[in-house]
Amino acid sequence: MKYDKIMSGKKCCLSPVSLEDAALYKEWLNDLEVSTNLNTRPYVLTFEKEKEILEKLVKSETDVVFGIIDKKSDKLIGNCGLINIEPISRKAMFGIFIGDKKYWGKGYGEEATNLILDFGFNMLNLHNIFLTVFSFNKRGIRCYEKCGFKHAGKLRETRLVAGKYYDVVYMDILDREFKNSTLKNFIE
Ligand SMILES: CC(C)(COP(=O)(O)OP(=O)(O)OC[C@H]1O[C@@H](n2cnc3c(N)ncnc32)[C@H](O)[C@@H]1OP(=O)(O)O)[C@@H](O)C(=O)NCCC(=O)NCCS
């Protein structure tokens with residue numbers, strides 16, 4: 001097995017980010033069908049820039065990022081993370097993308113999200129995990145609803161794509177609302 005499995009579900013697991021995968025991340029993030037949904041990336045990414053971003057993320061004291069690994073093939077299919085972890089207020093922002101588009105719509109996003117929520121709530125002892133998603137990203141919104149995220153509000157018309165304004169939707173989930181822990185099985 002190439003990848004360590006820190007959190008493991010039925011279809012996928014979460015593994016430490018490997019800098020060796022920078023070329024794959026670059027390829028995915030240069031795909032506008034993927035990156036139009038993301039707010040933190042430039043749209044034209046060189047290998048050097050992506051390596052720099054990954055190096056910074058891996059070293060960060062306030063972010064935890066994972067590669068998402070398909071268990072069947074032991075292949076990297078995407079990335080997810082908890083960003084700006086604040087231990088005093090016990091909150092963090094969640095972000096995810098599945099770069100390999102043949103894995104979209106097959107439940108990998110839901111499972112990876114549940115795994116990282118489990119890690120955030122039960123290992124990092126967070127209280128609130130929130131995210132932003134563009135209103136046109138119906139697949140993302142549905143995925144987060146399935147995991148128990150609630151709609152928390154929106155910033156109206158703050159995303160302009162191809163001449164049209166879209167809302168930035170905020171969603172969040174509290175520790176007591178999270179029902180899909182596998183970690184608890186280890187200790188109960
Ligand atoms: C968003 C993302 C992580 C979701 O992961 P996924 O594996 O595709 O999601 P899932 O298969 O777990 O769930 C998707 C759900 O959306 C539904 N869906 C798909 N297209 C939809 C649409 N146009 N309208 C409404 N629902 C839709 C699916 O039917 C499924 O719901 P169901 O299980 O009730 O049938 C993934 O698609 C992705 O990485 N997309 C590109 C980058 C991105 O959007 N990142 C998130 C930025 S906030």
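**Note on the ligand site and three residues**

1. Val-133 counts as buried, because its relative accessibility is 4% and the cut-off for buried is under 20%. Val-133 is found in strand E6. Its C-alpha atom is separated by 9.2 Å from that of Gly-95. Along the chain, Val-133 and Gly-95 are 38 residues apart. Please keep in mind that this is a predicted model.

2. Where does the ligand sit? The ligand is in the largest pocket. A total of 24 residues surround it. The closest are Ile-98, Gly-107, Gly-109, Asn-137 and Lys-146.

3. Next, the elements behind that shell. Four of them each supply at least two residues: strand E5 (91-98), helix H4 (108-122), strand E6 (128-134) and helix H5 (138-146). Which gives the most? That is H5, with seven residues.

4. The make-up of the shell is mixed. Of its residues, 11 are nonpolar, seven are polar and six are charged.

5. Backbone atoms of the protein come up to the ligand at several places. At Gly-109, a polar backbone atom is 2.7 Å from an oxygen atom of the ligand. At Lys-106, a backbone N or O atom lies 3.2 Å from a ligand oxygen atom. At Ile-96, the partner on the ligand is a nitrogen atom, and a backbone N or O atom lies 3.0 Å from it. As for cover, the ligand has 950 Å² of accessible area on its own, and the protein covers 74% of this.

6. Two backbone angles deserve a look. Arg-90 is not a glycine, yet its phi is positive, at about 55°. Arg-90 lies in the loop between strand E4 (75-86) and E5. Buried, partly exposed or exposed: which class does Arg-90 fall in? Arg-90 counts as partly exposed, because its relative accessibility is 35% and that class runs between the 20% and 50% cut-offs.

7. Ala-162 is the other case. Its phi is also positive, at about 50°, and Ala-162 is not a glycine either. Ala-162 lies in the loop between strand E7 (150-161) and strand E8 (164-174). Ala-162 is exposed, because its relative accessible area is 81% and exposed means over 50%.

Definitions and conventions. Residues are numbered from 1 along each chain as its sequence is written. This is a predicted model: local features need pLDDT of at least 70, side-chain atom pairs count only at pLDDT 80 or more; totals for chains, interfaces and linings use all residues. Side-chain values use heavy atoms; hydrogens and water are left out. A residue is near a molecule or strand if one of its heavy atoms lies within 4 Å of it. A polar contact is a pair of N or O atoms within 3.5 Å; within protein, one must be able to donate a hydrogen and the other to accept it, and residues adjacent in sequence count only if both atoms are side-chain atoms. Accessible areas come from the Shrake-Rupley method with a 1.4 Å probe; for residues, only the protein chains shown count as cover. On a 1 Å grid over the protein atoms alone, a cavity is a set of points where a 1.4 Å probe fits but cannot get out, and a pocket is an open set with protein on both sides within 12 Å along at least five of seven lines; lining residues have an atom within 4 Å of a point. A molecule sits in a cavity or pocket if more than half of its atoms lie within 2 Å of its grid points. Helices (H or I, at least four residues) and strands (E, at least two) are DSSP runs, numbered from the N terminus. Ala, Val, Leu, Ile, Met, Phe, Trp, Tyr, Cys and Pro count as nonpolar, Asp, Glu, Lys and Arg as charged, and the others, Gly among them, as polar. Buried means under 20% relative accessible area, exposed over 50%, partly exposed in between (1.4 Å probe, protein chains only).
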